[in-house]
Amino acid sequence: MTTTSPQANGSGNTATASGGAAIQERDRVTVRFAGDSGDGMQLAGNRFADATAVFGNDFSTLPDFPAEIRAPAGSLAGVSSFQISFSKHQIFTPGDEPDTLVAMNPAALKSHLAALTKGGLLVVNEDAFTSGNLKKANYPSNPLADGSLDDFRIIKAPITTAAIAAVEDLGLTTQNAERTKNFFALGLVYWLYDRDLEPTLDWIEQRFGRLPNIAEANRRALFAGHAYGETTEIADAHVRVPPAVLTPGEYRTITGNQALVLGLITASHLTDLELFYGSYPITPASDVLVELAALREFGVRTFQAEDEISAIGTAIGAAYGGGLGVTGTSGPGIALKSEALNLAVMTELPLLVLDVQRSGPSTGMPTKTEQTDLLQVMFGRNGESPLCVLAAKSPGDCFYMVLEAVRIAFQFVTPVVLLSDTYLANTAEPWPVPDINQLDKIDVPYRKLEHIDPEDFQPYARDPETLARMFVPPGTKGFEHRIGGLEKSDISGDVAYSPENHQRMTDLRGEKIRRIANFMPELEVDGPDSGDMLVLSWGSTYGAVFTAVNDAREAGHEIAHAHLQYLNPFPRNLGDIVSRYNKVLIPEANTGQLRMLIRANFLVDAQGYNEVTGQPLSARLLTEAIIKMASE
Amino acid sequence: MVLHTPPSPELVENIIPIADEDLSRKDYASDVDTRWCPGCGDYSILAQMQRSLSNINVAPEKMVFVSGIGCSSRFPYYMNTYGMHSIHGRAPTIASGLKLSRPDLQVFVITGDGDALSIGGNHLLHVLRRNVDVKIFLFNNRIYGLTKGQYSPTSELGKVTKSSPVGTTERPLNPLSVALASEATFVARSYDTDPQHLQTTIEQAARHHGAAFVEILQNCNIFNDRAFADYTDREVRDERLLYLEHGQQMLFGENQDKGLAVSATGLRVVDAHGPDAGLILHHDATRPSPDVHQLLARCNYPEMPVPMGVIRQVTAPTYGDYLDGQIEVQKFKNRHDIAQLLKGRSTWQVE
Ligand SMILES: Cc1ncc(C[n+]2csc(CCOP(=O)(O)OP(=O)(O)O)c2C)c(N)n1
Ligand code: SF4
Ligand SMILES: [Mg+2]
């Protein structure tokens, strides 16, 4: 991993050459496309990401869309955006403030201008700045004319009319002709950042090949936008970010949700068990159900349940049957699943629960990100109910954490919750494609148990090392037995109410989860082993925290960083690590949930850096907070 | 793509895994002591279940009983098969996941009127609608037994119970009507005190390919004693029960002297020897439309005889038939190469 700090965002737009034609070189650039939900901004952003991947930059993307499917056109509520940051170095966040903002209408400008770096480049579709649209965006006067944008460099392009003109003779409806405006904008931005058109042309062919007229229109709009950049005198705007030096290999683009899907299919292969995925649609977890449903050829049984309770019930049924039983949801769904999750704790079944966290409480902000389910999955059940909790740190990491969760679920015969979130779910990054033959098989212990003498079988007898119980699914002759949610007698698994037994079983269930720590990696510290300050993070904030820590180091501070992927149990050496520094800072996109656990477990005076905005942590603000604390 | 192929004829009869050796009733009984109140109707149901399984000679290791919570839901502990005593109302979900991922198993759900129709009402609706190949036995005692006598969704309007000291203020559900409205492919009723009829009904349900719903009237002698006695007592049952048999006339009465015919508003009782004898219906359980089945389901004492037996049994592909069919077809049509899947639509090489 390259730890060189990428040049901070918006690090000046100092023109090295003037005259428009000269191309400047930059380390890192962040571009945001913003427009109406119907303007195709997500599509444009994704095409840009593909072209960037092929070009060889490292990149990270951040889609942000309204929860409403079709908010009124031109309204502030209907603005959808897509940010991409790309660099010649390895990067770990989609960037804080964009250097360039593409605003397709006044509402998009209004919503996103505040984020644009001072002196940044603004590309606006001047055709959309009609009095009607200005009114919808609450602009009293036209910002393109009233001088309010003087702090920025502006390209006012007639994007709609130019796009329509480019496709004029194709006989499209006005609506279809106008729709090509995102390709025009994309072409223009391709010129600005020296991207190759080829990957997008290929994509258009693949996607619209069967509608030759539409394909041709999109191609023409793309070329027209590119030509517009080339022929219009745009001073100091032609920028090149050289390719990054990445570990050699075959790469693809991946989002967190895609990685969960691939992880599940791969886990099914590595366990040699058929995958059962019970789920009820909920943003941002629905994609996992949707994508798995299209993979029947891998023996995948998806089950769209009548509610989240049924979804986990069916997954428990599949797990009880000896399969790979998985359910996936977001925070509100976890709340509904908690009673059934406790059944899996009591019956000690290997179950995987995916929680793609979103902003709460209640319905909250369904399309926005947060890390607010940690305490819910740790403690949100009646009784003493320990289970294993893991969290992915990047989109690609979702893949490997699924494999790890499944390994633990089977080895310890326990439910495991894997936390992701909206940000990881939707953000895309380049990902080295793993070689399926290099991945370790996942052991399924009941396969050996089925061959022991039934006389030696006791459903709650335990492996002396892992404390995993003897789990044998139905179907095996001589092993017939009953399990359930009532307290179990140690070893026999019969229903038992004795005080001593309940104490013993409570202890055993807790100890089993603690022993997982003996079979997982210790926590690694990046930076000094001990000393003044440790930054401790978990989950999707990894990229922002990593970036901020490095920026603070560049500013001369010696800071250690450790990142948790295992939340329950904690790595064995965590207590030791947090006690070796004078200051511990825990940045989280919640009000301090991990901090509460760290303080409670290790009695250290950890401080929090907490943002609950629905947006990923800002690396820039976090850097400032780290430097402030380090200097105290 | 949806497979709309009707199931092949051999699918219509459920394929039940049979034990190698001859098993008797006691081979299906576990050694756990039963904990129901003495005199509870659940004892008889347990005995008839064990006899029915022994009549079929089901392989015990392939049998799984999944229950919710309630007196009735203790049932799996007493069966020497696999079993799960789960959580209140959710047994149909666990049974669905189990059956769909393990089609080789026979999955029976044991539930109560509160478990199935109150807290688990949603799941009951959907497991029947989906026609998941599980057999559901609802022990209806019209009361919450385990929690000591509160009214249930099948308790009569105005019933005095612990939680309704001056009578309930809500109308009851009719379990058979709910099942029929949920598109159930097999709907039957029996009762605890007619061992032979109960055994036959259990066996018919077990042999049905698809979701089977059986309401078993069960006496809770502690909190709702004699709830069904008016028509199930030995002395009156011939007069007040209608034993349905597919293809047979709907006759009842000690001397089979009464029958059911269609009236302007539903069904009516006619004299089997009177002028309308020719209008007496023949029971057609396989009738695609559930119209007459609904009318039967809604026959209540004292206006009408109470129907017992299989009200409806139709053939339809199960959820599992469709799902497994899709998997087979997609495996045939598409490559299933994980290495390729991991690569996605496009990759690039970093040198
Ligand atoms: C979530 C939850 N809520 C409430 C209960 C308490 N409870 C246990 S059984 C029961 C009602 C059972 O009635 P029924 O299903 O008719 O079964 P019966 O005891 O009559 O056989 C209730 C309310 C519970 N166990 N779990
Ligand atoms: S309370 Fe009623 S239903 Fe429960 S065991 Fe006793 S008699 Fe049976
Ligand atoms: Mg009851």
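In this predicted model, helix 2 (residues 41–56) of chain B packs against helix 7 (residues 195–207) of chain B at about 55°, the axes being 9 Å apart. Helices here are DSSP runs of H or I with at least four residues, strands E runs of at least two, both numbered from the N terminus; axes are lines fitted to C-alpha atoms over the stretch in contact, with angles from 0 to 180 degrees between N-to-C directions. That angle makes helix 2 of chain B oblique to helix 7 of chain B, oblique being whatever is left after under 35 degrees (roughly parallel), over 145 (roughly antiparallel) and 65 to 115 (roughly perpendicular).

Contact (heavy atoms within 4.5 Å) brings residues of helix 2 of chain B, including B:Ile45 and B:Met49, up against residues of helix 7 of chain B, including B:Leu198 and B:Ile202.

Over at the metal, the magnesium ion (ligand 3) takes its protein donors from B:Asp113 (OD), B:Asn141 (OD1) and B:Ile143 (O), at 2.1 to 2.2 Å. Donors are N, O and S atoms within 2.8 Å of the metal (3.2 Å for Na, K and Ca), and with water not among the atoms, sites may look incomplete. B:Asp113 sits in helix 4 (residues 113–119) of chain B and B:Asn141 in the loop between strand 4 (135–140) and helix 6 (175–181) of chain B, 28 residues apart.

B:Asn141 also turns up around ligand 2, along with B:Trp36 and B:Phe223, among others.

Residues are numbered from 1 along each chain as its sequence is written, with chains lettered from A and ligands numbered from 1 in written order. Local features need pLDDT of at least 70 and side-chain atom pairs 80 or more, while totals for chains, interfaces and linings use all residues; side-chain values use heavy atoms, leaving out hydrogens and water.

Methods: Near = heavy atom within 4 Å.
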